[in-house]
Amino acid sequence: MESYYRDQAASCAAQADAATLPNVEARLRRSEAVWTAMADRAARHAEIKTTGRP
């Protein structure tokens with residue numbers, strides 16, 4: 001799941017770079033941040049699951 005979330009964050013970043021409207025760019029940057037946070041949580045969860053500790 002982590003790689004999927006990171007792919008989505010990268011997609012949002014690319015779309016934001018290409019956006020011409022400020023509000024669209026801002027929305028995509030927020031989405032990028034959320035996808036990145038979900039990827040970070042998934043990575044922490046995977047680490048805890050495999051090692052038994054954070």
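Buried means a relative accessible area under 20%, exposed means over 50%, and partly exposed lies in between (1.4 Å probe, protein chains only). This is a predicted model, where local features need pLDDT of at least 70 and side-chain atom pairs count only at pLDDT 80 or more, while totals for chains, interfaces and linings use all residues. Residues are numbered from 1 along each chain as its sequence is written, and side-chain values use heavy atoms, with hydrogens and water left out.

**Exercise 1. The helix pair**

Task: Describe how α1 and α2 are arranged relative to each other.

Solution.

Step 1. Pick the descriptors. Two packed helices are described by the angle between their axes and the distance between the axes.

Step 2. Locate the elements. Helices here are DSSP runs (H or I, at least four residues; strands are E, at least two), numbered from the N terminus. Helix α1 covers residues 2–18, and helix α2 covers residues 22–51.

Step 3. Read the geometry. The two axes come within 8 Å and cross at roughly 165°. Axes are lines fitted to C-alpha atoms, for helices over the stretch in contact, with angles from 0 to 180 degrees between N-to-C directions.

Step 4. Classify the angle. Angles under 35 degrees count as roughly parallel, over 145 as roughly antiparallel, 65 to 115 as roughly perpendicular and the rest as oblique. The helices α1 and α2 are therefore roughly antiparallel to each other.

Step 5. Add the handedness. The crossing of α1 past α2 is left-handed, a term used if the near helix is turned anticlockwise from the far one by less than a right angle (clockwise gives right-handed).

Step 6. List who touches whom. With contact taken as heavy atoms within 4.5 Å, α1 contributes residues including Y4, Y5, C12, A16 and D17, and α2 contributes, among them, E25, L28, R29, E32, W35 and M38.

Step 7. Sort the contact residues. They divide into 12 nonpolar, 4 polar and 7 charged. In this scheme Ala, Val, Leu, Ile, Met, Phe, Trp, Tyr, Cys and Pro are nonpolar, Asp, Glu, Lys and Arg are charged, and the others, Gly among them, are polar.

**Exercise 2. The charged network**

Task: Which residues do salt bridges that share partners join into one network?

Solution.

Step 1. Set the criterion. A salt bridge is a side-chain nitrogen of Lys or Arg within 4 Å of a carboxyl oxygen of Asp or Glu. The structure holds 5 of them.

Step 2. Start with the link between helices. R29 and D17 meet through their side chains at 2.6 Å, N to O. This pair joins distant parts of the chain, R29 in α2 and D17 in α1, 12 residues apart. Their C-alpha atoms are separated by 9.2 Å.

Step 3. Move along α2. E25 also bridges to R29, with the closest N and O atoms 3.7 Å apart; both lie in α2, 4 residues apart, about one turn of the helix.

Step 4. Look at the other neighbor in α2. R29 and E32 form a salt bridge at 3.5 Å, N to O, and these two sit 3 residues apart in α2, again about one turn.

Step 5. Assemble the picture. Through shared partners, D17, E25, R29 and E32 form one network.

Step 6. Check accessibility. D17 is exposed at 57% relative accessible area. R29 is partly exposed at 31%, E25 is partly exposed at 31%, and E32 is partly exposed at 22%.

**Exercise 3. Spans along the chain**

Task: How many Å separate the C-alpha atoms of A18 and H45, of R44 and P22, and of T50 and N23?

Solution.

Step 1. Take A18, in α1. A18 is exposed, at 59% relative accessible area. Its C-alpha atom and that of H45, 27 residues apart along the chain, are separated by 33 Å.

Step 2. Take R44, in α2. R44 is partly exposed, at 48%. R44 and P22 are 22 residues apart in sequence and 33 Å apart in space, C-alpha to C-alpha.

Step 3. Take T50, in α2. T50 counts as exposed, at 66% relative accessibility. T50 and N23 are 27 residues apart in sequence, with 41 Å between their C-alpha atoms.
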